[in-house]
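Visitor: I would like to take a close look at one part of this model, and I would be glad of a careful explanation.

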Amino acid sequence: MAKNDKCGCGQGQSHKHATCDAAHVAAPNSPDDALDEVVLEERLQRIRHKILVMSGKGGVGKSTVAANLAISLSLAGKRVGLLDVDIHGPSIPKMLHLEDADVQTKDGEILPVAHAGLKVMSIAFLLRDRDDAVIWRGPMKMTVIKQFLKDVDWGDLDYLIIDSPPGTGDEPLSVCQLAAPVDGAVIVTTPQDVATADVRKSINFCHQMDLPVLGVVENMSGFVCPKCGELTDIFKSGGGERMAADMGVPFLGRIPIDPAVGQACDAGTPFVYHYSRTETAKAFEHVIAPILALSGKIATNQTPNTTNEGKNTPMRIAIPIAEGKLCMHFGHCDQFALLDVDEKTKKLTGKRMVTPPPHEPGVLPRWLHEQGATVIIAGGMGSRAQNLFAENSIKVVVGAPAEAPEQLVAQYLAGTLVSGANVCDH
Ligand code: ADP
């Protein structure tokens, strides 16, 4: 079967088909088309995982889940893009308070909007009047989705989260065909919606497109009282799990109705970014676990120089520095010392000072991972940051004293580093 010929009739990419003609990619028939295909292919090769977020109906919290999923992955130290292909009702810009964002171009490429560690792109950024109704037929939608994938400078990404409109229309079809292979779909539903034919249609769509269903999320499942935190099942919850079992797809978990989620969305601040310690945020974390696991599978195939998960990775110790000594406030240091060590001889082989990016949650773990750090020696560090480093396979030693970096490394290598209390928990 041709790469994008998902209906299975064997006629390749360019044929017409009564039920799905709008969705078929035209075969490259001019040098420009062929060049487009090459550019698209090259762009997609730099994106490790593409995840489609779908729902049977609107208003079930699909975009909320997509935005929070993207932020959770970013907080876990991953490089994440968020693409909103909901052409008729793009809500990601509002959810991230990016309604007035201006899209820039450079050397013919569209630059995604940077926000909270994410690279964001939405049709709303390109509309002159954000309240304009977009009346587009299937082939036009496909063209704009292709442009989002091909012409946006996504750079190297671990994940591209794609928020598609409700249902199984042209947008998810176009994504599946243009961005093939898509790693999988997350299907969002509510307790009231779970038994409806729409959710089953979404699952059947995935089966038809050979798109793995990563799982079903039951959103708005029970109500969390903002005063006492107690969870009450307003509608009968648990149906999502039964439906997932019936249809033989994984169940990813329940996210309660939490007024803070709605308020955060209205204020343009993705919930998990600001309420990371709440039970609801933990529910989101549960949802991303299998998605993070995808990245684990890839990491084992990487070369030692691009990941610090391999056994042969050279040891690079990162230490936060202020005034030449270890800085107790990890997230607010002026610089980091990166010290390279030959593990056999236990000798320092190099040292350089680097300036960290501005302090934002989740940025330092990703940045230090990119710097090739395998060990961090710190005075104090919050448990969330420690978990993020652990997810990036970076070992953390906390409670170290405010001494010169060379001294600390020598003590660490000799096993004589005295680590006291974790003095700073933020
Ligand atoms: P969809 O993308 O499915 O149309 P949205 O993500 O736009 O739905 O969510 C619809 C509304 O529901 C938004 O106002 C959002 O803030 C709110 N919402 C979504 N999930 C929750 C939740 N778990 N708790 C409270 N409000 C929620």
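Visitor: Which side chain meets that of D158 in a salt bridge?

Guide: In this predicted model, the side chain of D158 meets that of R79 in a salt bridge, at 2.9 Å from N to O. D158 lies in strand β7 (residues 157-163), whereas R79 is placed in the loop between α2 and β2 (80-84), so the pair ties together parts that are 79 residues apart in sequence. As for how far each partner is covered, D158 is buried, with a relative accessible area of 6%, while R79, at 24% relative accessibility, counts as partly exposed. The cut-off behind these words is that a residue is called buried under 20% relative accessible area.

The helix α2 also matters for another part of the picture, the largest nonpolar core, which has 86 residues. Helix α2 (residues 62-75) gives the largest share of this core, 8 residues. Among the residues with the most contacts inside the core are L82 and I161. Leaving aside neighbours within four places in sequence, L82 is in contact with I161 and L160, and also with A66, A67 and A70, among others.

The salt bridge between D158 and R79 belongs to a wider set, since a search of the whole structure finds 13 salt bridges. Another of them joins the side chains of D170 and K141 (3.9 Å, N to O); D170 lies in helix α5 (residues 170-178) and K141 in helix α4 (residues 138-151), so this pair ties together parts that are 29 residues apart in sequence.

Terms used: Residues are numbered from 1 along each chain as its sequence is written. This is a predicted model: local features need pLDDT of at least 70, side-chain atom pairs count only at pLDDT 80 or more; totals for chains, interfaces and linings use all residues. Side-chain values use heavy atoms; hydrogens and water are left out. A nonpolar core is a set of buried Ala, Val, Leu, Ile, Met, Phe, Trp, Tyr and Cys residues joined through side-chain atoms within 4.5 Å. Buried means under 20% relative accessible area, exposed over 50%, partly exposed in between (1.4 Å probe, protein chains only). Helices (H or I, at least four residues) and strands (E, at least two) are DSSP runs, numbered from the N terminus. Contact means heavy atoms within 4.5 Å. A salt bridge is a side-chain nitrogen of Lys or Arg within 4 Å of a carboxyl oxygen of Asp or Glu.
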